[in-house]
Amino acid sequence: MWRKNGRRIGLALGLIMALGATGCARNYVMTLSNGSRTMSRGKPKLEQGVYKFKDVAGQEHMVSAGRVREIAPASMAKKESTRFNPSTGK
């Protein structure tokens, strides 16, 4: 009886730890000075004036820090409003 419960507890703890580890990787949105946006897996790291990051596909990229306007978690990134609003008057 004890072995059966011990295995269940061990399995439950292992599952909780696995789920906790996968929740640590966050997606970030980088907004560049030209208005374009790119999604990164994990927070970009600033090294010698260059942000290094992996995109959501896992490919490594580098962007000059001077080109980056904002870095925010994907859940908090502001939606960019368009400056040009054509009138629909007749």
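Trainee: What makes the pairing of the side chains of Asp55 and His61 a polar contact?
Mentor: The two side chains come to 3.0 Å of each other. A polar contact is a pair of N or O atoms within 3.5 Å, where, within protein, one must be able to donate a hydrogen and the other to accept it, and residues adjacent in sequence count only if both atoms are side-chain atoms. The 3.0 Å between Asp55 and His61 is therefore within the limit. A polar atom of the Asp55 side chain also lies 3.0 Å from the backbone nitrogen of Ala57.

Trainee: What are these values based on?
Mentor: The model is predicted, local features need pLDDT of at least 70, and side-chain atom pairs count only at pLDDT 80 or more, while totals for chains, interfaces and linings use all residues. Residues are numbered from 1 along each chain as its sequence is written, and side-chain values use heavy atoms, with hydrogens and water left out.

Trainee: Why does Asp55 have no salt bridge?
Mentor: A salt bridge needs a side-chain nitrogen of Lys or Arg within 4 Å of a carboxyl oxygen of Asp or Glu. The nearest side chain of opposite charge to Asp55 is Arg41, at 5.8 Å, so that pair fails the cut-off. For charge, Lys and Arg count as positive and Asp and Glu as negative, while His and the chain ends are not counted.

Trainee: Which pair does pass as a salt bridge?
Mentor: Lys52 and Glu47 do, with their closest N and O atoms 3.1 Å apart. The count by this rule is one salt bridge.

Trainee: Are Lys52 and Glu47 called buried, partly exposed or exposed, and why?
Mentor: Buried means under 20% relative accessible area, exposed over 50%, and partly exposed in between (1.4 Å probe, protein chains only). Lys52 has 36%, so it is partly exposed, and Glu47, at 37%, falls in that class too.

Trainee: What about Ser40, buried or exposed?
Mentor: Ser40 has 0% relative accessibility and therefore counts as buried. The side chain of Ser40 reaches the backbone oxygen of Gly42 at 3.0 Å. Among the residues that Ser40 touches (heavy atoms within 4.5 Å) are Phe53 and Asp55.

Trainee: Where do Ser40 and Asp55 sit?
Mentor: Ser40 is in strand β2 and Asp55 in strand β3. Helices (H or I, at least four residues) and strands (E, at least two) are DSSP runs, numbered from the N terminus. The chain has one helix and five strands.

Trainee: How do you know that β2 and β3 pair?
Mentor: Two strands pair if DSSP finds at least two bridges between them. Five bridges join β2 to β3, so the condition is met, and the strands run antiparallel. Strand β4 is also antiparallel to β3, again over five bridges, and Tyr51 has Val63 in β4 as its bridge partner.

Trainee: Which side chains of β3 are buried?
Mentor: Tyr51, Phe53 and Asp55 point to one face and are buried, whereas Val50, Lys52 and Lys54 point to the other and are not.

Trainee: What makes a set of residues a nonpolar core, and which residues form the largest one here?
Mentor: The members must be buried Ala, Val, Leu, Ile, Met, Phe, Trp, Tyr or Cys residues joined through side-chain atoms within 4.5 Å. Six residues make up the largest core: Met30, Leu32, Tyr51, Phe53, Val63 and Val68. Strands β1 (27-32) and β3 (50-55) each supply at least two of them.

Conventions:
Lists of a residue's contacts leave out its neighbours within four places in sequence.
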